[in-house]
Amino acid sequence: MKRVVLYPSPGMGHLVSMIELGKLFAARGLAVTILIVELPFVDTGARGPFLAGVTAANPAISFHCLPRVQFPPLASPHPEAVTYEVARLSNPHLRDFLLAGDARPAVLVVDFFCSVALDLAAELGVPGYCFFTSGAEALASFLYLPVLHEQSAASFREMGEELVRVPGISPFPATHAIKPLQDRDDSAYRGFLRVSPDLCRSRGIIINTFRSLEPRAVEAIGAGLCTPPGLPTAPVHCIGPLIKSAEVGVKRGGDRCLAWLDAQPEGSVVFLCFGSLGVFSAAQIREIGVGLEASGLRFLWVVRSPPNEDPAKRFEEPPEPDLDALLPEGFLARTEDRGLVVKTWAPQRDVLAHGAVGGFVTHCGWNSVLEAVMAGVPMLAWPLYAEQRLNRVFLEKELGLAAAVEGYETELVEAGEVEKKVRWLMESDGGRVLRERTLAAMTRAKEALGEGGESDVTLTKLVEAWMGDHAGSAEKR
């Protein structure tokens with residue numbers, strides 16, 4: 001049985017996406033090994049039971065932990081800088097792993113943040129591919145970054161609201177480029193700048209999207225319009241939407257959410273959830289609470305503790321929130337007949353798929369976007385970090401699947417805006433149009449994944465090329 005090695009970056013969202021990709025490969029007859037890399041200064045031991053559950057349910061998938069690397073804290077405030085450095089320092093350990101045993105893997109698939117491993121793969125004669133866990137429109141902007149870098153000596157932060165133009169996507173304000181790109185002298189910026197040449201020289205880029213969702217961006221990338229001058233254009237393979245297939249080892253509280261939803265009318269609940277890293281200040285949490293109460297709507301709201309102000313602890317898991325201290329006084333009692341507040345986590349995929357949920361207030365992480373599309377649930381966009389501001393522009397301007405909460409780029413979104421926008425989503429003609437568009441996207445997504453659909457055919461051809469010992473020929477498909 002031929003083996004494919006998957007190399008995700010440390011972020012949980014990236015790991016989950018890579019595991020889902022591994023399940024697809026395993027179902028098509030490949031043995032799958034997923035490498036685990038850990039951030040320094042962070043205890044990730046809690047992942048053990050989760051990974052064991054994945055292997056128990058999928059015997060063709062195994063995990064291998066690369067030795068933890070250590071280095072002094074970086075000057076950059078951005079966690080992406082740490083991720084890039086971890087990947088760079090892990091290359092010797094990756095080399096040892098790839099050379100161990102009797103048979104090298106047929107293919108190495110690396111996360112966007114681990115693209116430094118592609119040169120090592122080429123050196124060892126292992127075909128190297130990149131898996132991009134976000135959408136094609138975000139990928140287009142990252143591929144084009146070296147071109148933008150040469151066009152101007154200014155940092156995105158200095159460009160302000162000036163529109164950035166990338167082939168195949170809607171123009172976006174420079175302020176909406178991800179935070180690590182705002183300062184071109186930051187080490188995280190330099191890390192992103194190096195990724196584009198790595199990806200262009202790869203055997204192919206596997207994207208977690210489907211062509212009919214983002215046709216303009218996919219075509220622009222495939223035509224080489226986003227490729228920096230002098231570099232080849234890597235083949236693009238759209239195999240999504242790839243979302244979590246099932247909750248493995250569901251955390252405490254998941255059953256409570258679903259049981260509560262069972263008692264609510266169809267399409268009546270607005271769901272607020274902002275990802276595993278999405279946190280708000282105590283003042284913002286109170287404003288959301290006041291707005292939700294004033295709206296009169298049914299709601300399911302996942303609340304996390306405010307961010308830790310200590311920079312040395314920015315990667316640590318926050319403690320469980322104290323709802324009585326964070327929410328408006330008496331809020332839980334006054335809304336108990338129409339609302340449910342849960343601490344830290346909810347089974348988002350299952351909640352979105354529940355018939356009682358009629359709207360989703362989201363941080364626009366790509367996994368969350370795809371889960372909403374697959375469930376046919378319209379979105380209010382409240383981006384917080386990573387490429388989420390870019391995703392907001394694409395979702396609203398290009399795809400027409402979301403409306404933005406006004407003021408998300410400021411320090412505080414006021415309660416009145418929260419009330420106004422959730423009511424618009426759930427009760428207005430505009431919200432109904434958004435719902436119809438999302439349901440149409442859901443239909444296209446399911447067709448793409450179905451037997452003979454665009455994503456199913458793309459993935460099958462890719463794996464067939466690997467199985468036939470012609471990994472390089474996949475780029476000609």
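This report describes one helix, the internal cavities, some backbone features and one buried residue of the structure. The model is a predicted one.

**Helix α17**

Helix α17 comprises the 13 residues 415-427. At 1.5 Å a residue, a helix of that many residues should span 18 Å, and the end C-alpha atoms of α17 are indeed 18 Å apart, which agrees. The buried residues of α17 are Ala415, Glu417, Val418, Lys421, Val422, Leu425 and Met426. Viewed down the axis of α17, these buried residues fall within an arc of 160°, so they line one face of the helix. A general property of helices bears on this pattern. An α-helix has 3.6 residues a turn, so residues three or four places apart point the same way. The elements that cover the buried residues of α17 include the strands β10 (269-273), β13 (357-362), β14 (379-381) and β15 (402-404). Helices α11 (282-295) and α18 (429-449) are also among the elements that cover them.

**Cavities**

The count of cavities of 30 Å³ or more comes to three. The two for which further details are given here appear in the table.

| Cavity | Volume | Lining by class |
|---|---|---|
| Largest | about 90 Å³ | nine nonpolar, three polar and one charged residues |
| Second largest | about 50 Å³ | eight nonpolar, one polar and no charged residues |

The largest cavity is lined by 13 residues, of which Phe274, Phe280, Val302, Val303 and Arg304 are the closest to its centre. Helix α11 and strand β11 (298-303) each supply at least two residues of the lining of the largest cavity. Strand β11 gives the most to this lining, with three residues. Helix α11 thus appears in two settings: among the elements that cover the buried residues of α17, and in the lining of the largest cavity.

The second largest cavity is lined by Ser141, Phe142, Leu145, Leu148, Phe156, Phe172, Ala177, Leu181 and Leu390. Helices α5 (136-143) and α6 (145-151) each supply at least two residues of the lining of the second largest cavity.

**Backbone features**

Most residues other than glycine have a negative phi, and most peptide bonds are trans. Three places in this model depart from that pattern, as described below. Gly240 and Pro241 are joined by a cis peptide bond, with omega about 5°. Pro241 belongs to the loop between β9 (236-238) and α10 (254-262).

Thr344 has a positive phi, near 70°, and is located in the loop between β12 (339-343) and α14 (348-352). The relative accessible area of Thr344 is 22%, which means that this residue is partly exposed. Cys364 likewise has a positive phi, near 75°, and is placed in the loop between β13 and α15 (366-375). Its relative accessible area is 0%, so Cys364 is buried.

**Leu261 and its contacts**

Leu261 is part of helix α10. Because its relative accessibility is 0%, Leu261 counts as buried. When residues up to four places away in sequence are left out, Leu261 touches Val269, Leu300, Val351, His354, Ala356 and Val357. Leu261 and Val351 are 90 residues apart along the chain, yet their C-alpha atoms are separated by 8.0 Å.

Technical notes:
Residues are numbered from 1 along each chain as its sequence is written. This is a predicted model: local features need pLDDT of at least 70, side-chain atom pairs count only at pLDDT 80 or more; totals for chains, interfaces and linings use all residues. Side-chain values use heavy atoms; hydrogens and water are left out. Helices (H or I, at least four residues) and strands (E, at least two) are DSSP runs, numbered from the N terminus. The expected span of a helix is 1.5 Å times one less than its number of residues. Buried means under 20% relative accessible area, exposed over 50%, partly exposed in between (1.4 Å probe, protein chains only). The arc is that of the directions from the helix axis to the C-beta atoms. Contact means heavy atoms within 4.5 Å. On a 1 Å grid over the protein atoms alone, a cavity is a set of points where a 1.4 Å probe fits but cannot get out, and a pocket is an open set with protein on both sides within 12 Å along at least five of seven lines; lining residues have an atom within 4 Å of a point. Grid points are joined across faces, edges and corners, and a volume is the space filled by probe spheres set on the points. Ala, Val, Leu, Ile, Met, Phe, Trp, Tyr, Cys and Pro count as nonpolar, Asp, Glu, Lys and Arg as charged, and the others, Gly among them, as polar.
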